[in-house]
Amino acid sequence: MKTRAEALQSIENKSFDVCVIGGGATGSGCALEAQLRNLRTVQLEAMDFASATSSTSTKMIHGGVRYLEQAIREFDIKEYEVLTRALHERTHMLWNAPYLTKTQQFLTPCFNWWSVLYFEIGLKLYDWIAGRASLAPSSFVSRDEILRRMPALDPRSLVGAVAYTDGQFDDARYNIALVNTFAEAGGETLNYARVTACEKSTDGKIAAVEVEDHFSGHRFTVRARAFINATGPYADIIRQMATPGARPRMRLSKGVHILLPLDVLSSRDALLIPRTEDGRVLFAIPWSGRLLVGTTEQEVTVHDELYVTRDEVDYLLRHLNRYLAYPVTPDQIVSCTAGARPLVSSGGSKETKKLARDHEIELDPLSGLISIMGGKWTTHRVMAQDTVYAVEEYLGAPATPSQTMNHPLVGSAGYSPDYWQSLVKEWGVHELTAQHLAQKFGTRAQQVLQLAKQDADLAVPLVDGLAPLRAEVVYGARNEMAASIEDVLARRIGLQFYSWRDSIQAAPAVALLLAREFGWSDVATRETAADYTEKI
Ligand SMILES: Cc1cc2nc3c(=O)[nH]c(=O)nc-3n(C[C@H](O)[C@H](O)[C@H](O)COP(=O)(O)OP(=O)(O)OC[C@H]3O[C@@H](n4cnc5c(N)ncnc54)[C@H](O)[C@@H]3O)c2cc1C
């Protein structure tokens, strides 16, 4: 990927076939799909890539067992279609970035034989809908076996469990890998570049957008033949920017997660809590050395600040503790996340938890803006595929076949599960660092280690005793457009999700390395470790 300064030069006042607004999962998927289908594409992101919803997900590549139950109970054909599509998309996500994804077994503890029967039938149906895309068949797990596999469970009244398999991924890194792959395919991309206004041609169609550079405040224009609005929760703002008075379509549902030490569950398997007080499901999933517990659902507006409240923490711990022999307390929480699901509604007052996670593509007949709304991470690729069909139709071009179904993302070529061992052998790094680098960068880990080889100062861990290296900060700044401490710690390295305490400790070193990279005069690097600490 180019540096921000280089990208600014290539984008400022230039013309493209397609301009994608948004750098989350949807926008990055659309940008890659369009560029691979021979449309000269530019992507503009107001803040950092994946800094909104796309790094706050439950990190599951799934159809959704809850949506299956909802589809059956409410005879909801739309929900069933989303489920089927997502179950098939799982395979492409797993295949396209093996270092960022894996399969994960989920155990649903049962306390009577009726629930065993209920979940066995339900999960067999889940397998059946997936058909050839099924990852592994669901099965009954005896009481002895579940207590062996998940020893922290409260054994009282437990009769057994039902196990099933879904996918799991690193959402922030997957997003960065999509952007990187798009850039390597010849696309132009820029973060911290907010679209602030539209310019129309005489027929009323958008011909250009005005863009503001977050750091300098400098404004410039980007022209394109088609504009894709892939701004997730912010989609209505762009729709109304294009056509003032456009009817709002987005309904936002806030969801939070807490991260706990892994030994709270002492298991490689994930726990599915099948029924919450508000009729939803909860997960406790081993992820990147932590236990990710979530999520909640509460309707919010685009103007609400997203932070984790004490009530939300209590809700998550109350449900989790019903399953554990030794209850977890809030002081064991190591970090939290909060995000807003961008759900699309056709009107009505259905609760957000009942809205289908389907996507919708809207062509605004007045401005020509193509908005892709709703959907989920798991379906980002097929959403992009459909959006680019809409773009081709709008441009009067023939429909071309999708190119992303089997298109490995950057870092995947030559990757295998034991790849990290070659890093230990060739570069002499500690096993934990090798595993961390392989999981975050795939085979691009070599480039990070090359930096460490050239400068011994960069071969040192960011925090004593932890896996991430200082070289990753420099790699993020030079190759992945990281421009702030949080860009590095949250979305490039993942330390912020692992532990707030450790990332606060790492912040001064990250600030210094960024300052050295960009020069002290750059506004972005004036963010101090203290600013960062206050923010998280
Ligand atoms: C709690 C939670 C759990 C979830 N769990 C899962 C899961 O396990 N599996 C799954 O498949 N899905 C899951 N999802 C859904 C999934 O995360 C979202 O569907 C997906 O991330 C949405 O991506 P997006 O790109 O549409 O939106 P976003 O990631 O929000 O990206 C939109 C981007 O547009 C940018 N933008 C806004 N305005 C402008 C502008 N004017 N100019 C330029 N850029 C702009 C924003 O800065 C933002 O980065 C979950 C969602 C939540 C909230």
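Biologist: Let's start with arginine 37 and glutamate 33: what makes the meeting of their side chains a salt bridge?

Modeller: A salt bridge needs a side-chain nitrogen of Lys or Arg within 4 Å of a carboxyl oxygen of Asp or Glu. Arginine 37 and glutamate 33 meet at 2.7 Å, N to O, so the pair passes the 4 Å limit. Please keep in mind that this is a predicted model, where local features need pLDDT of at least 70 and side-chain atom pairs count only at pLDDT 80 or more, while totals for chains, interfaces and linings use all residues. Residues are numbered from 1 along each chain as its sequence is written, and side-chain values use heavy atoms, with hydrogens and water left out.

Biologist: How many salt bridges does this rule give?

Modeller: The count comes to 36.

Biologist: Is arginine 37 buried or exposed, and how do you know?

Modeller: Buried means under 20% relative accessible area, exposed means over 50%, and partly exposed lies in between (1.4 Å probe, protein chains only). Arginine 37 has 5%, so it is buried. Its partner glutamate 33, at 0%, counts as buried too.

Biologist: What do the side chains of arginine 90 and aspartate 166 form, and why does the pair tie together separate parts?

Modeller: They meet in a salt bridge at 2.6 Å, N to O. Arginine 90 sits in helix α4 and aspartate 166 in strand β6, so the pair links parts that are 76 residues apart in sequence. Both arginine 90 and aspartate 166 are buried. Helices (H or I, at least four residues) and strands (E, at least two) are DSSP runs, numbered from the N terminus.

Biologist: What makes arginine 280 and glutamate 297 a salt bridge?

Modeller: Their N to O distance is 3.6 Å, which satisfies the salt-bridge rule. Arginine 280 lies in the loop between β12 and β13 (282-287) and glutamate 297 in the loop between β14 and β15, so this pair joins parts 17 residues apart in sequence. Arginine 280 is buried at 3%, and glutamate 297 is buried at 15%. Elsewhere, salt bridges with shared partners join Asp48, Glu486, Asp487, Arg491 and Arg492 into one network.

Biologist: Now the ligand: which residues come nearest to it?

Modeller: Thr26, Glu45, Ser54, Met60 and Thr378 come nearest, out of 38 residues around it. A residue is near a molecule if one of its heavy atoms lies within 4 Å of it.

Biologist: What makes the approach of the threonine 378 side chain to the ligand a polar contact?

Modeller: A polar contact is a pair of N or O atoms within 3.5 Å; within protein, one must be able to donate a hydrogen and the other to accept it, and residues adjacent in sequence count only if both atoms are side-chain atoms. An N or O atom in the side chain of threonine 378 is 2.6 Å from a ligand oxygen, so the pair qualifies. A backbone N or O atom of valine 195 lies 3.0 Å from a ligand nitrogen, and one of lysine 59 lies 3.5 Å from a ligand oxygen. The protein covers 95% of the 1000 Å² of accessible area that the ligand has on its own; such areas come from the Shrake-Rupley method with a 1.4 Å probe, and for residues only the protein chains shown count as cover.

Biologist: Which element gives the most to the shell around the ligand?

Modeller: β16 does, with four residues.

Biologist: Why is threonine 231 called buried?

Modeller: At a relative accessible area of 13%, threonine 231 is buried because it stays below the cut-off. Threonine 231 lies in the loop between β10 (219-229) and α8 (235-242). Its side chain makes a polar contact with the side chain of asparagine 229 at 2.6 Å and reaches the backbone nitrogen of alanine 235 at 3.2 Å.

Biologist: And why is asparagine 38 called exposed?

Modeller: Its relative accessibility is 71%, so asparagine 38 counts as exposed. Asparagine 38 is in the loop between α2 and β2 (41-44), and has a positive phi of about 65 degrees although it is not a glycine. Serine 157 likewise has a positive phi of about 65 degrees, and is exposed at 54%.

Biologist: What is tyrosine 80 called, and what makes it so?

Modeller: With a relative accessible area of 31%, tyrosine 80 is partly exposed. Tyrosine 80 belongs to helix α4 (residues 77-96).
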